[in-house]
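Please open the structure in your viewer and keep the selection tool at hand. The tour proceeds from the whole chain to individual strands and one residue.

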Amino acid sequence: MSHTILIGPCEIKTIIMLINNLKIAWRNITKNKLYSSIKIGGFAFGVAICILIVLYIKHETSYNKFYPDVSRIYRIVAEIPDGDDVMRGLSLTAPAAKVIKEEVPAVEQSGRILPNPLFGAGGNQLTLGSGPENYYDDGFVYVDQSILEMFPSPMIYGQLEHALDNPNSIVLTKSKASKYFKDNPVGQQIYLNNDKSKAYTISAVIDDIPSNSTLYGYTFFMSLAGEPFFAGEQNNWMATNYTVYVKLRENSDPKQTQSVIQKVYIDGHLIPETQKAGGSIKPWVRQVKMYLQNASDIHLYSTGIRDDKVSILNRGDIKMIWAFASIAAFILLIACINFINLSTANAATRAKEIGIRKTIGSNRKSLIGQFMVEAICYSLISLIIGLLLAWILLPLFNNLANKSLEIPIFSWYFIPTLLVSLLFIGSLAGIYPALYLSGFKPISALKNKQDSTPKSSLLRNGLVTFQFATSIILIVSALIANQQVNFILNKDLGFSKDQVIVLRGITTLSQDLASLKNELKSLPYVSDVSVGDYLPVPIDGVKRNGNSFALDDNKDVQLGRGAQFWLVDDTYLSTFELRLSEGRNFNPKLASDSSATIVNKTLVEQLGLTHPIGAKINNGQSWTIIGVVDDFIFESLKEESGPVSLALGNSPSLLSIKVKTGHIDQSLAQITKVWDKFSPNQKINYSFLDEGFESLYQDVARTKNIFTSFAFIAIFIASLGLFGLATYITQQRTKEIGIRKVLGASSISLLKLLSSNFIKLVFIAIVIAVPISWWSMDTWLQDFNYRIEINWLYFLLAGFSAILIAIVTISYQTLKVIRTNPVDSLRDE
């Protein structure tokens, strides 16, 4: 039985009206090519920028969320009192994870990560089986088996279960397995740093870690099972080196659980075990607070938490998410404002059409429908072009943001979400012009005399002011971010990072290290050479070693001052040009220098030494101070570098070469030749210390570049809006200008007359933008311990740029009207 669908007269009339409105909309879009191009162009740019920023935000907020049970996985963060401040860190003791799992009922699983290069994580020299070739690679990290279970990856070879249960077992990612092995490598053995006494057996191969994972950057997962890193280390409650993760049981309360963990860790074990070992408890230990941070919050909510280099470089910031979301909203809003201004600015060309349609019987409702259809047509065309622009700009944006984003064009939600959003935004942008244009009185419209109410003028002026205020805020932000980046890269760090080449993987040359160093030092373009892993810039392979120091007459180091303790050679100071303010450098020929130390001024001050030379300090071993160096910055400029003690010792996996200015290429060629002589089976691996320093601030540089790009786009779109308003005003005042020209007004006076109101709007925008931009950038700069002062010149330059852009934008349209023959403009009078 067939069913006939009946369409009534009302439905037919609606369809015919819609088709007719679409035809009229298309006719108007193609007829007014200049206005249509500007409307669509501004909208399309707004859409493109929004798509890119939404992709960025979606990626940033997706970290770890694909792991099963991520809502129950947490890492433990310790808040430690540090004077008037609080230091947040992740380092806990070796037995902490086991004890917490056994004694906290809500904890179902626990696991440790050890990313510290001091124990062999980070970069290592790799040898395959019995082969002679050595390869340098990074991404090594020690983990418990339970970490791979809490953060599982698809298996390529082997089984996830028990993959790291055995001592000296190692799990590789797919890309590393493919790099070193042709086939399934499970069961193969590798050696690290030329240590043939310890073979690591490959137990499994997992898929590459996704870029939105906490584990991203790690590619070699080494087992923590087996022997300790030093005698008694696995039961030591005074050495803190491990990041601990826990998985809670279902329906467990994280806040209640963290209180139990704190009690078990601090009161139940740390304090009594330290006292049992003969150590004293610092007063702040009882004030330590511990809390659980969910795995899905790690990426965006870890600012200020001390972590390893891989994790810090992989870290985001929720403040930047809000900043980018605001920028996306503002740029799209600016594009909507353009549409409104350009639609009302072009009213004169539509007036007679509206008058005729009203005269022959069109009501306001049908006219509103026509203009809304037209607005939606504009938005749909803008959507298509905007999507194309986003696709074109995506590689550039990925480069700026250091991401590998892709437009999910085939995802079920993408196109529907985009269409609904654009229909909403198109309707929002089109409603005011539709109400405004449909409100024209027929007689006035036919005479091309539209009334401009103070309310409509105020709205248009307000919209343009908002556009320029937003643009000025972005310009100021870009200027200040650029200045902060330059300040960081050019700040006096207390040492020299320039012209320093760092060689990695020299542990395989331990027998020939002295000869290598001497031969490199004899090269004509080499000024100095130093062997040691404790460089002042924390690049890959660099070690850090926190100790507690006290005066020798108070050997209870548990009550001492925390400081870095570095093993260096006698050429360390000269290679990095550290400034010796008191005493002397190390002398390897003096037996007494085996227990000598050179400290920085901060450690001298913290230990209360007025005459440091000859004083004895203790970190479990007694050291005699023979020299004092000026303070130098050895951590991120976002943090304050603290005290440091240098001792003569051996830490041979990095070799730093200071070369003479202007001879980098010649030096590299000579250094490579020497390297090949000493290590023919190992390719040279080097980097520049200054480039490593710059890499520490990639996030700051990216912020600067993104703000600069968005500032240009915002000012471009805002200029289109200003062009629209200039067009509207000059069209309204065409006859006035004609009369003034007949009465003898000069072009300069007319230009001043037409421009003055726009310049006032820009000045109002400056007044609004200055306090907002000052507050936002001052807040951003608070993250840096070393920062620039916000100078009024930034606001002056941004304001001047906005005024100049405004003048250039409006001059075209105003000069065009000024040059019009007065007879043509007065023809209707």
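The stops below are given in the order in which they may be selected.

**The whole chain.** Begin with the complete predicted model. The chain holds 23 helices and 25 strands. Of its 829 residues, 52% are buried. Among contacts with a separation of 6 or more, 80% link residues 24 or more positions apart. The exposed surface of the chain comes to about 38300 Å², and carbon and sulfur atoms contribute 58% of that area.

**A four-stranded sheet.** Next, select β15, β16, β24 and β25, which form an open sheet in the order β16-β24-β15-β25 with antiparallel pairing. Which strands stand at the edges? They are β16 (526-531) and β25 (686-688); each has a single partner strand, so one side of each lacks a neighbour in the sheet. From one strand to the next, the twist averages 20°.

Now narrow the selection to β15, residues 500-504, together with β25: three bridges join these antiparallel strands. One position to label is V502, whose bridge partner in β25 is S687.

**Two helices across the sheet.** Add helix α14, residues 513-521, to the display. Helix α14 lies across β16 and β24 (654-659), and its direction makes an angle of about 160° with β16. Then add helix α17, residues 664-678, which lies across β15, β24 and β25. Relative to β15, helix α17 runs at about 25°.

**Strand β18 and its pairings.** Move to β18, residues 561-568, and show strand β17, residues 546-551, with it; the two pair in the antiparallel sense over four bridges. Here G546 stands opposite Q564 in β18. Next, bring in strand β23, residues 644-648, with which β18 pairs in the parallel sense over five bridges. In this pairing, V568 stands opposite L648 of β23. Both senses of pairing belong to a general pattern: strands of a sheet pair through backbone hydrogen bonds, either parallel or antiparallel.

**A single residue, V205.** Finally, centre the view on V205 in strand β10, residues 199-206. Is this residue, V205, buried or exposed? V205 has a relative accessible area of 1%, and is therefore buried, the cut-off for that class being under 20%. To display its surroundings, select M155, I156, Y157, L172, T173, K174, A177 and P185, the residues in contact with V205 once neighbours within four places in sequence are set aside. For P185, which is 20 residues from V205 along the chain, the separation between the two C-alpha atoms is 7.9 Å.

Conventions. Residues numbered from 1 in each chain as written. Predicted model: local features only at pLDDT ≥ 70, side-chain atom pairs only at ≥ 80, totals over all residues. Heavy atoms only, no water. Pairing = 2+ DSSP bridges. Axes fitted to C-alpha atoms, helices over the stretch in contact; angles between N-to-C directions. Contact = heavy atoms within 4.5 Å. Buried < 20%, exposed > 50% of the residue type's maximum accessible area, 1.4 Å probe, protein only. Areas by Shrake-Rupley, 256 points an atom, 1.4 Å probe, with all protein chains shown as cover.
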